[in-house]
Amino acid sequence: MRLSRCGFAALYAELLLFPGWSRGASSELVVGMELNYPPFEMVDTGGQPSGISVEMARALGKYLGREIRIENIPFDGLIPALKTGKIDLIISSMTETPERAHSIDFSDPYLLTGLCLLINKAAPIESITDADKPTITIAVKQGTTGQLYSRDHFKNARVLVLDKEDACVLEVLQNKAQGFIYDQMSVFKHWQQHRDATRALLRPFQEERWAIGIRKGREKLKKQANDFLKDFKAKAGFEKLGDQYLKEQKEAFRKLNIPFYF
């Protein structure tokens, strides 16, 4: 079919206004995650996205018959990227919270975890209550539920907000911060790496559920995400990922009688 110059210009304008009409654009699903949270979101030795969340995203794409593109975005930029349409979904170990649910929707939860404490070995802290004292500095990562918890519950401790997880851990190692609020799996990992300088209070003081973030109004995509999660769990997909990436943590938590499961 031939188009006149005016007709071609009109069609081009429509494609600019509605980019989803262009060939192949609607089939791509863009997933945002911060690739700095192993073993969930990371890069492999070749610089390619890797980890549990990456495998989940690819399994979701296969389930829906859609191509997956992963965008590496700082954690505190994920929700703005979702709201502005830069990405279609967030799969980045994100906890569903009432505050976040005001601005985005969430899928059904797929993992239960909790906040706990990585402590400098010399720090006089045995519980989250001990952490909220004037003589204590607690590190939290920007944009995480650890930061939200400290904002809502701490009245006395100094809270140090940092951009990177590793920076928070370094503060604890150097005793510039006496504790770091983060999730159980990460705290376990850092304690294993730094047993000489840290302790881990692994029993959670706040339980959390991770879910897929979805832009409000995209009910079809939300249903598809929930259908995928149900199917993936029924086919032992989560169990396989847990055994592949988190076998040591699962066994340690089992011995401590601490719930840990997808």
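At what angle do the axes of helix 9 and helix 10 cross? Let's start there, and keep in mind that we're looking at a predicted model. Helix 9 covers residues 219–234 and helix 10 covers residues 237–245, and their axes cross at roughly 65 degrees. Those axes come within 5 Å. Angles of 65 to 115 degrees count as roughly perpendicular, so that's what we call helix 9 relative to helix 10.

Who makes the contact? From helix 9 you have Leu229, Phe232 and Lys233, and from helix 10 there's Gly237, Phe238 and Leu241. Sort those contact residues by type and you get four nonpolar, one polar and one charged.

Okay, on to the sheets. One is an open sheet of five strands, ordered 4-1-5-12-6, and its pairing is mixed. Which strands stand at the edges? Those are strand 4, residues 67–72, and strand 6, residues 105–106. Each has a single partner strand, so one side of each has no neighbour in the sheet. Strand 6 is joined to strand 12, residues 213–214, by two bridges, and that pair runs antiparallel. If you want a spot to click on, find Phe106: it stands opposite Gly213 of strand 12.

There's a helix on this sheet too. Helix 2, residues 52–64, packs there and touches strand 1 (28–33), strand 4 and strand 5 (89–90). Its direction makes about 165 degrees with that of strand 1.

Now for another open sheet, with five strands in the order 9-8-10-7-11 and, again, mixed pairing. Here the edges belong to strand 9 (158–162) and strand 11 (198–210); each pairs with a single strand, so one side of each is left without a sheet neighbour. From one strand to the next, the twist averages 25 degrees.

Look at strand 9 and strand 8, residues 137–141: five bridges join them, and they run parallel. One handy marker is Ile138, whose bridge partner in strand 9 is Val159.

Helix 7, residues 165–173, packs on this sheet and touches strand 7 (111–120), strand 8, strand 9, strand 10 (179–183) and strand 11. The direction of helix 7 makes about 145 degrees with that of strand 10.

Last stop: Thr144, in the loop between strand 8 and helix 6, which is residues 145–153. Is Thr144 buried or exposed? The cut-off for buried is under 20% relative accessible area, and Thr144 comes in at 8%, so buried it is. Setting aside neighbours within four places in sequence, Thr144 is in contact with Phe75, Arg100 and Tyr182.

Technical notes:
Residues numbered from 1 in each chain as written. Predicted model: local features only at pLDDT ≥ 70, side-chain atom pairs only at ≥ 80, totals over all residues. Heavy atoms only, no water. Axes fitted to C-alpha atoms, helices over the stretch in contact; angles between N-to-C directions. Helix = DSSP H or I, 4+ residues; strand = E, 2+ residues; numbered from the N terminus. Parallel < 35°, antiparallel > 145°, perpendicular 65-115°, else oblique. Contact = heavy atoms within 4.5 Å. Nonpolar A, V, L, I, M, F, W, Y, C, P; charged D, E, K, R; others polar. Pairing = 2+ DSSP bridges. Buried < 20%, exposed > 50% of the residue type's maximum accessible area, 1.4 Å probe, protein only.
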